[in-house]
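Visitor: Hi, I'm new to this one. Can you walk me through it?
Guide: Sure, let's have a look together.

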Amino acid sequence: MPGKLKVKIVAGRHLPVMDRASDLTDAFVEVKFGNTTFKTDVYHKSLNPQWNSEWFKFEVDDEDLQDEPLQITVLDHDTYSANDAIGKVYIDIDPLLYSEAATVISGWFPIYDTIHGIRGEINVVVKVDLFNDLNRFRQSSCGVKFFCTTSIPKCYRAVIIHGFVEELVVNEDPEYQWIDRIRTPRASNEARQRLISLMSGELQRKIGLKVLEMRGNAVVGYLQCFDLEGESGLVVRAIGTACTLDKLSSTAAFLPACNSPSKEMKESPLVHPPSHGCRSTHNSPIHTATGSRLTQNFSVSVPTLIYTGMGSGSAGKEGGPFKALLRQQTQSALEQREFPFFTLTAFPPGFLVHVGGVVSARSVKLLDRIHNPDEPETRDAWWAEIRQEIKSHAKALGCHAVVGYSESTSICEEVCILSASGTAAVLNPRFLQDGTVEGCLEQRQEENLPPGCGFCHIPYDELNMPFPAHLTYCYSCRKQKVPDVLFTTIDLPTDATVVGKGCLIQARLCRLKKKAQAEANATAISNLLPFMEYEVHTQLMNKLKLKGMNALFGLRIQITVGENMLMGLASATGVYLTALPTPGGIQIAGKTPNDGSYEQHISHMQKKINDTIAKNKELYEINPPEIPEEIIGSPIPEPRQRSRLLRSQSESSDEVIELDLSHGKKDAFVLEIDDTDAMEDVHSLLTDVPPPSGFYSCNTEIMPGINNWTSEIQMFTSVRVSRLSNINLTNQTLNKNFNDLCENLLKSLYFKLRSMIPCCLCHVNFTVSLPEDELIQITVTAVAITFDKHQAVQTTKTHVEKSLQRASADNEELLQFPLELCTDSLASHPFSPAKEHLESASSNSGIPAAQRDRCNSWIELIKLKAQTIRRGSIKTTVSVEKASPLTEGHFRQRSAPACANSTVGVVKMTPLSFIPGAKITKYLGIINMFFIRETTSLREEGGVSGFLHAFIAEVFAMVRAHVAALGGNAVVSYIMKQCVFMENPNKNQAQCLINVSGDAVIFVRESELEIISAQQPIASCQPACSGGEIAT
Amino acid sequence: MTNELDIFVGNTTLIDEDVYRLWLDGYSVSDAVGLRVRSGILEQTGATAGVLQSDTMDHYRTFHMLERLLHTPPKLLHQLVFQIPPSRQALLIERYYAFDEAFVREVLGKKLSKGTKKDLDDISTKTGVTLKSCRRQFDNFKRVFKVVEEMRGSLAGNIQQHFLLSDRLARDYAAVVFFANNRFETGKKKLQYLTFGDLAFCAELMIQNWTPGAVDSQVDDMDVDLDKEFLQDLKELKVLVADKDLLDLHKSLVCTALRGKLSVFPEMEANFKFIEPCRSDRWPLNDVRLFLNQYSASVHSLDGFRHQALWDRYMVTLRSCLLRMYHD
């Protein structure tokens, strides 16, 4: 499928003065694609040249179209000497390669120079004509859509979620080539930028091929990263989730099902991990990798079949033999698939059945031991190993899939820590099967959804738990077991019921290590890792309890390696899930009980902690409803026991204990402060200051407990580099420094954004790096969103009421539940009033009755389905009536648009997948940009702060310009993946590399939408995709 | 532990109006932090001094980066690096070009040269405006002056177009440019009591009536210079003073007309032709107005006087100026 790329250079403006004599510039432009270059005429003596060039045409293979960036260079013509470069623009033409995205790229692009920054702008028009040539052996994957968004993008419906795709490419880093010693910094930077651009293109193309092989048409949750390994090379790797997406028709696009923010909450369904059972492993270091074992092509076979049996886990949980049977089925299905991983963090309703907990794996590698640095095999093998471990952890948790999956690295000299983490989960295969056949799954799910507690129920066997946990009966349904605490890496499922608001919880930790070489170093690091992991976990747990909450979402633990220390930073959003028990308090115990003053001290601390918990409960409005026993009926949470073996549910009916639980005393968490370390811990617990009033923060997409966003958003990046002053660093001082650094940074953010109160910092993303011995760098990207304080309470109420109503409405249907499938659970609660009871029953099973009937024939069904899909016929039936009730519920947007800034050219950026108060009507393609900036006049540019401030502002500007040129007005799921900053103040030099990505979109304000929809079809929404075609 | 680097970059550039004012007023970061602390902001927000320091630094850095663009405001509108809502852009520009009354009275009518710039130290001491702020204001005057000096068309209009100022501020700048170009000495002791507003008012009238632009809107420098021809012609009016007969006749006409209407008639009679002294004699404003009206009108009854149109061009403006200047 070759194509023709056409480029026209229109004009320039604000060019720099290149000729001192005339104060003007004689500019011309070189347009390069692949090996072909065109030039415009020289436009003499102007800072605002009007070239108005002809169309430059490149005839190229689509493979090149995918890999190569269009390179535009602006130069100053010089008759007597070499022409001086003014700067360049790289344009990724990928968005033009699939029909549903942009059709033309046209606009003003900043002209960028790696030494001088932005120097004026250039107006360019780019088009692509693709010739259809489907019979050719495909090396390209034009047509596969990429999304950074980690949920099913608005205005699409997931027909099938196929699963994990990954790819990795390696090259020599130009900065480390011999030629770098003789070329200019500019040439070197440009070589690097260009190479990474090429590699990203290649990577994307290869991943696209895998998706096509799986019969998918899109990659969601696409995450691409660079590893600057130094001497051993430059690695670009990516992971994502292959899907078959169906574009919702234009009418449907306006349904709440698609993208109203309210829908937001509804739409991403369940996910949930119970149990604080974090499992993690640490490989012993030093793998002299042979690189022969695995190739980078992880097999992609039979993707659709994988999740077949999965729902069974839940259904049969207490079901004895039935359960075992399903397990078997699932397992055998699983074996066909290498990695049942999903990079998604939010899911279509009903997709996620249970959550087992966080699984993570790390391994320490030595980069100088790679035998074949230029080949990807070694790294592929490394990652395969880690993924294998993740997979086995998930299995141990009784789960067959991992959701919210991500991978990362930390490199210091020749040592590299590879990390992967995710949330073990049990998924509902029905989603995969029924999507095609029955039309809109979401609708159906809606009716049968459990009351938002199903995901909390343990997927593992309680008689054989993978880790010690305290189980109780679910506080929502009273039927199934839940853990006392739940950690996950995903977003809060939209139907989860929570009490009060959530909050950002961070654990911070430093550990000194001796400087060492090679193996010794790697060994030291891998010895430290388990301790760090343990302490981070303990800190998280303490802080969670201090907040009076019982679950963490969006957990992300980052371990950073430096020359002489390791840093651990965990961020998550704490919430109180109604399904889980009230967390106990924290109890302090001393080891020397006879010492009076010590006792006093302890009791003082205890009081402080108790006060803090009480204060936090008030602050986050955590006042779980007392559950009146009469109404509930008899099912009672089982007495908690510390032993690993829990009695089976049928025995339990111990009312006394429930009383105890409601007082929250039972499982008080005991902190023993027998040494200074522990003392420190307690102190640091209490030093975290809550955000000022009117502020909330979380690191997830949406803030639990707040859903009435108004339209004002402010995305920002803040960077701090701190120098550790003392020479005699101890772990304590280091911890304190690090803690202060993070806390102060947060305080500064709250102060800076105070004019937006009431507001919430969402998707707060901290990254830590250790650029040099004594330097700690923290980079934070987040978005502040205003909300309407007064509507909040109401909305929450209606939400709860609604779910109750829905539950009761479900009763009838549920009566037809095939009893034999869940005899145990029903039998064990014979006295419960019908209503609650049935509601809970549905949630326990996690699978609607209708579905269960078909259990036996799942496999057949899936096969059938797979065939259907292969034929490429996908039916989109969105039932309009069903969808609409969702709209009525919440919505905030009444006041917002008035203040919205409607000036032409404004481009919003947000790390979230949605824009509050607006609907995304079109996805224009992925933005993935890499920039290098270097200076040899650091002081003149305002020092390191001036330099980096200007650079980040320029990066934002270039992202916005590209989005605007695609015809978009926002970037969603924006992420700054890397910000590598190096300075050498003595030489007056600094260098920075930044990598950002996101999805370019067109959004329409809801208020405007109402007007438009009244007038019917929207032009911007449906140019070419009404048929919901699927590329197969 | 010290922060070597500390930045905050928003997709929409954050502008804190209070900090902007402090920056424009020429305060150093530490002075600005001190002033902010005194404003009670720490108590209001619960922030720490460190947070305030970091925030102030950050805003100052932003303003410093924006300053280059503020020198040519249209660039601020078209640049892509800082995303700033239009209302904020307007605020940034307007405040940047605003000037202090005390400062402008010192500089008005002086040549905008390096020499004057050297005197800014003294001006700063005298007016209490920081040297930094004096420099900004002076540079603004000079920059505007240079851009519009040679331009065709309305002076205020040109300023507005090239600097995107509000109507009011553009007209003030027109006055500054006009005075600077014509070196009207406004610093004389006698004129000290006049505000910039008074002078700007006069300048506007003079621009309207006494420049070449008043006659022909296509000439170069139409609003900047006084109409040379007109100035030449004014000599003709001297006849009103030089010619004893004409003077007496004029005087008697005015006196007759005003007799009984003016509370200060005797003084007027004595001081005929010298307006300044009126002030020391505390004429009511109304009397001055009556007098001036009559004074200009009665010329039309002077048979021997041929320059009626010239007289009107001169007197209408002069009368308004005098009235405006007639206060304590």
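Visitor: What area is buried between chain A and chain B?
Guide: This is a predicted model, and in it about 3700 Å² is buried between chain A and chain B. Carbon and sulfur atoms give 58% of that area.

Visitor: Which three residues supply the most of what chain A buries?
Guide: That would be A:Phe751, A:Lys752 and A:His949, which supply 22% of the area chain A buries against chain B, more than any other three residues.

Visitor: And how many residues are in contact?
Guide: 50 residues of chain A are in contact with 36 residues of chain B.

Visitor: OK, new topic. How many salt bridges are there between chain A and chain B?
Guide: The count is five. One salt bridge pairs A:Lys752 with B:Asp58, where the closest N and O atoms are 3.3 Å apart.

Visitor: Which element gives the most to the side of chain A that touches chain B?
Guide: H24(A) does, with twelve residues. By class, that side of chain A has 25 nonpolar, 14 polar and eleven charged residues.

Visitor: What does H24(A) pack against in chain B?
Guide: Helix H24 of chain A (residues 943–965) packs with helix H4 of chain B (residues 49–70) at an angle of about 65°, their axes being 11 Å apart. The crossing is right-handed.

Visitor: Which residues make that contact?
Guide: From H24(A) there are A:Ser945, A:Gly946, A:His949 and A:Ala950, and from H4(B) there are B:Asp58, B:Arg61, B:Thr62 and B:Met65. By class, this contact has two nonpolar, four polar and two charged residues.

Definitions and conventions
Residues numbered from 1 in each chain as written. Chains lettered and ligands numbered in written order. Predicted model: local features only at pLDDT ≥ 70, side-chain atom pairs only at ≥ 80, totals over all residues. Heavy atoms only, no water. Axes fitted to C-alpha atoms, helices over the stretch in contact; angles between N-to-C directions. Helix = DSSP H or I, 4+ residues; strand = E, 2+ residues; numbered from the N terminus. Left-handed = near helix turned anticlockwise from the far one by under 90°. Contact = heavy atoms within 4.5 Å. Nonpolar A, V, L, I, M, F, W, Y, C, P; charged D, E, K, R; others polar. Buried area = accessible area lost by both parts, 1.4 Å probe. Salt bridge = Lys/Arg side-chain N within 4 Å of Asp/Glu carboxyl O.
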